Amino acid sequence: FQTIFTDSRFKSNTELEFVGTLKDVSKVCYVSATPMIESYLELLDEFKDLPYYELDWVSLNKNRLIRPTLKVNIINSIFSPLKRIIESYKTGDFATWMMPGEIGIRESKEAMIYVNSVNNIIQIIKKFNLSSEEVTILCSNTKANLERIQNKLGKNFNIGKVPLKNEERKMFTFCTRTVYLGADFYSDNARSFILSDANLETLAVDISLDLPQILGRQRNEDNPWKNQAEFYYKPYIKVGKEESKEVFQQRISKKLELSQKHIANFNSAADKDAYMKLIQNNVDSMHYQEDYVSINKHQGNNLVPVINKLVLVAEQRAYDIQQIDYADRFSVFNTLR
């Protein structure tokens, strides 16, 4: 459910069309293990008045949920912890675990590295001289991504798929947001490493929405590292980039005001088709930088401009992640708790 909002940052028109399509469905349930925070839902007419149910997993059984162990580290660059991590696996210096009822010890010979950037994954592979036999890349399976990977790394590298239970797994698996939720990994020895840079929107792991999903990806109960992860984050560097909540809200209000003017002008325009083309060109070229006007395709045969509040919510969430959740060390640990 929360991806309706998080995906609106880069495919807002698709999500608006999706929500519009759902209006024609008689019964809809929006479900998520990490639902969108209620304050954002209140901003949207489609969601603010819906009944809201929260499933209580612990009252009847306090031991049903196991709190994950998360090791948190501040870094200067997302590349800085990888030298130690990758070298330890490459040299056979594996983390070990004494398994109850087993003779000997379990070794972690697989590393799951979560970083939401194909370009950074390519840089990491090149920097540490990793081969295609050692690496699985899990990202959006697009022609552009495949060309980028093979142009930089060679034709031996491809976009992989999540291995099934009995399929071979490689030593290093790099995961973009494509597999932050919904992917089931069944390794009995993989460890999870999460990289986040609060200064770049695409690289900032959403602690409230992304992180719990990532922590749930290892599904094999036989993996002693199933409920453990190492979280490395580069703090938000404020110098010259601060924007107070008041200034941010003023900017949002101005965009809403301009959006309303555009819609009013459309309604009074003599040639609505011509004005619609202007709006469409604005959406394509400006990508909601100055207003929130989008094209509603769910009003019969007549296209009409509407305010795309999904974009507004996505902007609000991106601001809160960067300037509130990652504001300082205390804020990060408070959000993690």
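Let's start with the sheet: six strands make an open sheet, in the order 1-8-7-4-6-5, and they pair in parallel. At its edges sit strand 1, residues 69-74, and strand 5, residues 135-138, each of which pairs on one side only. On average, neighbouring strands in this sheet are turned by 20° against each other, ignoring direction. Please keep in mind, as you look at the picture, that this is a predicted model.

Let's zoom in on that first edge. Which strand does strand 1 run parallel to, joined by six bridges? That is strand 8, residues 228-234. If you'd like a pair of residues to find on your screens, try Asn73, which stands opposite Tyr232 in strand 8.

Now let me step back to the whole protein for a moment. In total there are eleven helices and ten strands. The C-alpha trace spans about 80 × 55 × 45 Å along its principal axes. Of the 337 residues, 44% are buried. And if you take the contacts with a separation of 6 or more, 73% of them come from residues 24 or more positions apart.

With that in mind, I'd like to spend the rest of my time on one helix, helix 9. It covers residues 272-286, which is 15 residues. How far apart should its ends be? At 1.5 Å a residue we expect a span of 21 Å, and the end C-alpha atoms are indeed 21 Å apart, so the two agree.

Next, which residues of helix 9 are buried? They are Tyr275, Met276, Ile279 and Val283. Looking down the axis of helix 9, these buried residues fall within an arc of 105°, and therefore they line one face of the helix. Over on the other side of helix 9, Asp273, Lys277 and Leu278 are exposed. Do notice Leu278 there, listed as exposed together with an Asp and a Lys.

So what covers the buried residues of helix 9? The cover includes two helices, helix 2 (12-22) and helix 8 (245-268), along with strand 9 (293-296) and strand 10 (304-307).

Finally, a look at the two ends. At the start of helix 9, a side-chain oxygen of Asp271 comes to within 3.3 Å of the backbone nitrogen of Asp273. You have already met Asp273 as one of the exposed residues. After the helix comes His287, and its phi is positive, near 50°.

That's my tour, thanks for listening, everyone!

Key. Residues are numbered from 1 along each chain as its sequence is written. This is a predicted model: local features need pLDDT of at least 70, side-chain atom pairs count only at pLDDT 80 or more; totals for chains, interfaces and linings use all residues. Side-chain values use heavy atoms; hydrogens and water are left out. Helices (H or I, at least four residues) and strands (E, at least two) are DSSP runs, numbered from the N terminus. The expected span of a helix is 1.5 Å times one less than its number of residues. Buried means under 20% relative accessible area, exposed over 50%, partly exposed in between (1.4 Å probe, protein chains only). The arc is that of the directions from the helix axis to the C-beta atoms. Contact means heavy atoms within 4.5 Å. A polar contact is a pair of N or O atoms within 3.5 Å; within protein, one must be able to donate a hydrogen and the other to accept it, and residues adjacent in sequence count only if both atoms are side-chain atoms. Two strands pair if DSSP finds at least two bridges between them. Axes are lines fitted to C-alpha atoms, for helices over the stretch in contact, and angles run from 0 to 180 degrees between N-to-C directions.
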